[in-house]
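Visitor: Could you walk me through this one and tell me the reasons behind each label? I like to see how a term is earned.

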Amino acid sequence: SLAYSLCFLLFAEIGFAAEIQHGFIAFGSETFISDSNGNITWRYPKATRDGWLLPSGNILLALSKSKDYPGGAAVEINKEGKVLFEYKGTQSEVNTVMALENGNILVTEAGAKPRLLEVTRDGKVAVDLALQAQTKDHHLQTRMARKLKNGNYLVPQLLDKVVREYNAEGKVVWEVKTPHWPFTAIRLENGNTLINCTLGHLVIEVDPQGKTVWTVSNDDLPNKPINDACGGQRLPNGNTVITSHHAKANQVKLMEITPDKKIVWTYTNKSNAGIHHFQILDTNGESLKGTPLR
């Protein structure tokens, strides 16, 4: 395909062979699954902001606001598109979705009263937690909030340039300032936090004290491929995959970077639609094990 031909040319230019390929699900103005050969195996006709391919094979999605969902929504669907769960947002946007071990669905609502919710499968709000975020720009309040193993919630707050950890009572128990708008915040197994900084075109990793221990930016990479570093994922091999949300047709939309800042995989396609977030599903056809760090 054109996408993988371009990948090979890029690899040849910077001096290594294309040996890694990934299957993934992409969220954005186009929602689709690509296998490790670059073939689109599934599409969904609505724009999305966050999502997961669940172990059941169903797909959990945060839907962008639309005529049908003026406040955005969270839905679980099967591969045929049948809606199995639905929560309609009550404010400006729904920007997070996550299936929790207790059976609830985590969502965030952006709006005049930014909040984080846990919604039961029958649509009842089990947790309603106010977020301490600016309200002058609803779109730039929060993105990929995640519930942590300790029961707290990790929330990137874009325009505030801060990542905050809230406990179950809504108290901020940890925070770190960021050099640009934080979009993805991932609590790693070692206690560090990986943060993608959108239009800063960089990714940072901070330790529990907030000290930056690793960064990657366009200054570290050939041809400056990072263009709006939105979604991210830390792979089991220690590499980091990031998306360039503003990348257009035939530009690098996803890339895998080693800890020593070498690009070992890229993805491009012929669409101008950006990838907002993603989930790597497999490497060379072998499924990734465990819960994705994303």
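Guide: Gladly. Let me begin with a term: buried means a relative accessible area under 20%, and exposed means over 50%, with partly exposed in between. Please keep in mind that this is a predicted model.

Visitor: Why is Cys 230 called buried?

Guide: The relative accessible area of Cys 230 is 3%, and the cut-off for buried is under 20%, so the label fits. Cys 197 is buried as well, with a value of 0%.

Visitor: How do you know how many disulfides the structure holds?

Guide: A search of the whole structure finds 0 disulfides. Take Cys 197: the nearest cysteine sulfur belongs to Cys 230 and is 11 Å away. A disulfide needs the two sulfur atoms within 2.5 Å, so this pair does not qualify. From the other side, the nearest cysteine sulfur to Cys 230 is that of Cys 197, and Cys 230 is in no disulfide either.

Visitor: What makes Glu 165 and Arg 187 a salt bridge?

Guide: Their side chains meet at 3.1 Å, N to O. The rule asks for a Lys or Arg nitrogen within 4 Å of a carboxyl oxygen of Asp or Glu, so the pair passes. Glu 165 sits in strand β14 and Arg 187 in strand β16, so this contact ties together parts that are 22 residues apart in sequence.

Visitor: Are the two partners, Glu 165 and Arg 187, buried or exposed?

Guide: Glu 165 has a relative accessible area of 5%, which makes it buried. Arg 187, at 23%, is partly exposed, because that class covers values between the 20% and 50% cut-offs.

Visitor: What makes Asp 220 and Lys 261 count as a salt bridge?

Guide: The closest N and O atoms of Asp 220 and Lys 261 are 3.7 Å apart, and the limit is within 4 Å, so the pair counts. This pair links distant parts of the chain, 41 residues apart: Asp 220 is in the loop between β19 and β20, and Lys 261 is in the loop between β22 and β23. Asp 220 has 32% relative accessibility and Lys 261 has 24%, so each falls in the partly exposed class. Another pair, Lys 224 and Asp 219, has its closest N and O atoms 3.6 Å apart, and both residues are exposed. By this rule the count comes to 14 salt bridges, and Asp 50, Arg 146 and Arg 294 are linked in a network of them.

Visitor: Which residues lie closest to the centre of the largest pocket?

Guide: The largest pocket has a volume of about 1,200 Å³. Of its 37 lining residues, Trp 52, Met 98, Thr 291, Pro 292 and Leu 293 are the closest to the centre. The largest share of the lining, 4 residues, comes from β24. By type, the lining divides into 19 nonpolar, 8 polar and 10 charged residues.

Visitor: And which residues lie nearest the centre of the second largest pocket?

Guide: They are His 139, Arg 143, Asp 228, His 245 and His 276, out of 20 lining residues. About 270 Å³ of space lies in this pocket, and its lining holds 7 nonpolar, 10 polar and 3 charged residues.

Visitor: What makes 2 residues in the lining of the largest cavity charged?

Guide: The residues lining the largest cavity include Glu 30 and Lys 253. Glu and Lys are both on the charged list, so these residues take that label. The rest of the lining divides into 3 nonpolar and 3 polar residues, and about 40 Å³ of space lies inside.

Notes:
Residues are numbered from 1 along each chain as its sequence is written. This is a predicted model: local features need pLDDT of at least 70, side-chain atom pairs count only at pLDDT 80 or more; totals for chains, interfaces and linings use all residues. Side-chain values use heavy atoms; hydrogens and water are left out. On a 1 Å grid over the protein atoms alone, a cavity is a set of points where a 1.4 Å probe fits but cannot get out, and a pocket is an open set with protein on both sides within 12 Å along at least five of seven lines; lining residues have an atom within 4 Å of a point. Grid points are joined across faces, edges and corners, and a volume is the space filled by probe spheres set on the points. Buried means under 20% relative accessible area, exposed over 50%, partly exposed in between (1.4 Å probe, protein chains only). Helices (H or I, at least four residues) and strands (E, at least two) are DSSP runs, numbered from the N terminus.
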